[in-house]
Amino acid sequence: MLVHLFKSGRIDGAIVTRQTGPFQREPFLAESESDIRDAAGFFFDTSHGMKRFSDYYITYSQFREFNPLIQKGLQRVAFVGTPCQIRAVRRMQILNIIPADSIKFCLGLFCSGNFVFGETQREKIAKIGGFQWADVSKINIKTDLIVHLNNGETKNIILDELEFMKRFACYFCPDYSAEYADLSFGGIGAEEGWTTVITRTPIGRAVMADARSKAIEVGRQAKQPRLAARALKNIRTWSAKKRDTAAKNRETLGKKFPDIKHER
Ligand SMILES: Cc1cc2nc3c(=O)[nH]c(=O)nc-3n(C[C@H](O)[C@H](O)[C@H](O)COP(=O)(O)OP(=O)(O)OC[C@H]3O[C@@H](n4cnc5c(N)ncnc54)[C@H](O)[C@@H]3O)c2cc1C
C-alpha cells in the first residue's frame, strides 16, 4: 500500500519502523520504494529516542522522525503506527500542532500490546516456545505470537504467556484495532500470508479503492461476506477485551499502584 502511494505520487515519504539489529528497531522516515520495502515486517521492541519513558507512558514515541520531515520540507507523508501512535497524531492534528498537518494518511496496526523485549524476556520466550532465536526467520502476532523457524516449522505462543513482558502502559490502552486510522491492518481474521484491512475514513476507502485494482490482491475472504463477517466479529471480540481490561486497570489509577506483575 505504501509503495503504491509512493509510486503514484501521493506521498513523498512515510514514517515507518526499520530493523537495526536482531532485536532492535528504530523509527525511520522512508523516502523511496526500497526504504519502504526494507522496513516491512513486524517488530517487537519499544522505540528509541523516548525509550527511557516510552514503557511507562501510554504512547510510545515514533515522533523522532518528525524532525527530518520538517527539515526536508516533506508535506505529504504517510504514518504507520500502533493505535497509541495513531491517536497521538490525531490529537496533534486537532490541536494544529506542526508538522502533524503533513501526515496525509494514517495506517494503523492492530495491537493487543507491545512488549519489553530484553535478553531475559527473549530467553524466557524461547524456553516457553521450545526454540532457539538463531533458528528464527520471522515473527508475527495474530491471536498468538507466531514464530517461524528456518526449517519451515512454526511455534505458536498464546498471548497470555507474554503478559510478563508487556509494556506497562499497554495495560491501560483501550484501542485494539487503531480506531482513528484511515486504514487498519492486522493478522487476526486473515488466512496465512494475508492481512486483514479495515477502511475507516473516506480517505482510507479512496486509498483502498485505488490500490485494489493496481497493487493489492483481494483475498477470497473479503469477497465472501460470511468470512468477512467472521473476521470482523473476531476483531470486535478482541477490541472489547482490550477496552474492558483497560477500563478495569484504569479504575485503580490514582487510587493505588495497580497490582500488575511486571518483570524487568
Ligand atoms: C507491536 C505490535 C503488536 C501487534 N499486535 C497484533 C495483534 O494483537 N493482532 C493482530 O492481528 N495484529 C497485530 N499486529 C499487526 C501485525 O503483526 C502486522 O504488523 C500487520 O498485520 C501488518 O502486516 P503486513 O504484512 O501487511 O505489513 P508489512 O508490510 O510487514 O508492514 C508493517 C509496517 O509496520 C511497521 N512496524 C513494524 N513494527 C512496528 C512497531 N513495533 N511499531 C510501529 N510500526 C511498526 C513497519 O515499519 C511496516 O511499515 C501487531 C503489530 C505490532 C507492531
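These exercises work through a helix, a strand and some salt bridges in a predicted model.

**Exercise 1. Compare the span of helix α5 with its expected span, then find how covered the helix is.**

Solution.
- Step 1. Helix α5 covers residues 83–94, which is 12 residues.
- Step 2. From first C-alpha to last, α5 reaches 17 Å. The expected value, at 1.5 Å a residue, is 16 Å, and the two are close.
- Step 3. Turn to burial. The cut-off is under 20% relative accessible area. In α5, 9 of the 12 residues are buried, so the helix is mostly covered by this definition.
- Step 4. List them: Pro83, Cys84, Gln85, Ile86, Arg87, Ala88, Val89, Arg90 and Met92.
- Step 5. Identify the cover. It includes α4 (66–72), β3 (77–81) and β4 (103–109).

**Exercise 2. Describe what follows α5, and locate the nonpolar surface patch that includes Ile97.**

Solution.
- Step 1. Asparagine 96 sits just after α5 and has a positive phi of about 60°.
- Step 2. Isoleucine 97 lies in the loop between α5 and β4.
- Step 3. Classify isoleucine 97. Its relative accessibility is 37%, so it counts as partly exposed.
- Step 4. Assemble the patch. Ile94, Leu95 and Ile97 make up a nonpolar surface patch. Together they have about 330 Å² of accessible area.

**Exercise 3. Is strand β3 enclosed or open, and which strand does it pair with?**

Solution.
- Step 1. Count the buried residues of β3: 5 of 5. The strand is therefore largely enclosed by the rest of the structure.
- Step 2. Sort the side directions. Val77, Phe79 and Gly81 point one way, while Ala78 and Val80 point the other way. All are buried.
- Step 3. Find the partner strand. β3 and β4 run parallel and are joined by 5 bridges.
- Step 4. Take one of these bridges. Glycine 81 has glycine 108 of β4 as its bridge partner.

**Exercise 4. Which salt-bridge partner does aspartate 210 have, and where do the two residues lie?**

Solution.
- Step 1. The structure holds 12 salt bridges.
- Step 2. Aspartate 210 pairs with arginine 10, and their closest N and O atoms are 2.9 Å apart.
- Step 3. Place the ends. Aspartate 210 is in helix α7 (residues 202–212), and arginine 10 is in the loop between α1 (2–7) and β1 (13–21). They are 200 residues apart, so the pair links distant parts of the chain.
- Step 4. Check accessibility. Aspartate 210 has 17%, so it counts as buried. Arginine 10 has 38%, so it is partly exposed.

**Exercise 5. Analyse the salt bridge of glutamate 31 with lysine 72 in the same steps.**

Solution.
- Step 1. The closest N and O atoms of glutamate 31 and lysine 72 are 2.8 Å apart.
- Step 2. Glutamate 31 is in the loop between β2 (24–30) and α2 (33–38), and lysine 72 is in helix α4. The separation is 41 residues, and the pair links distant parts of the chain.
- Step 3. Glutamate 31 has 30% relative accessibility and counts as partly exposed. Lysine 72, at 48%, is also partly exposed.

**Exercise 6. Classify both ends of the salt bridge between glutamate 163 and lysine 166, then name a salt-bridge network.**

Solution.
- Step 1. The closest N and O atoms of this pair are 3.4 Å apart.
- Step 2. Glutamate 163 is partly exposed, at 30%. Lysine 166, at 11%, counts as buried.
- Step 3. Now the network. Lys7, Glu33 and Arg37 are joined into one by salt bridges that share partners.

Technical notes. Residues are numbered from 1 along each chain as its sequence is written. This is a predicted model: local features need pLDDT of at least 70, side-chain atom pairs count only at pLDDT 80 or more; totals for chains, interfaces and linings use all residues. Side-chain values use heavy atoms; hydrogens and water are left out. Helices (H or I, at least four residues) and strands (E, at least two) are DSSP runs, numbered from the N terminus. The expected span of a helix is 1.5 Å times one less than its number of residues. Buried means under 20% relative accessible area, exposed over 50%, partly exposed in between (1.4 Å probe, protein chains only). Contact means heavy atoms within 4.5 Å. Patches are made of residues with over 30% relative accessible area and no salt bridge: like charges are joined within 9 Å, nonpolar side chains (Val, Leu, Ile, Met, Phe, Trp, Tyr) within 5 Å. Accessible areas come from the Shrake-Rupley method with a 1.4 Å probe; for residues, only the protein chains shown count as cover. A salt bridge is a side-chain nitrogen of Lys or Arg within 4 Å of a carboxyl oxygen of Asp or Glu. Two strands pair if DSSP finds at least two bridges between them.
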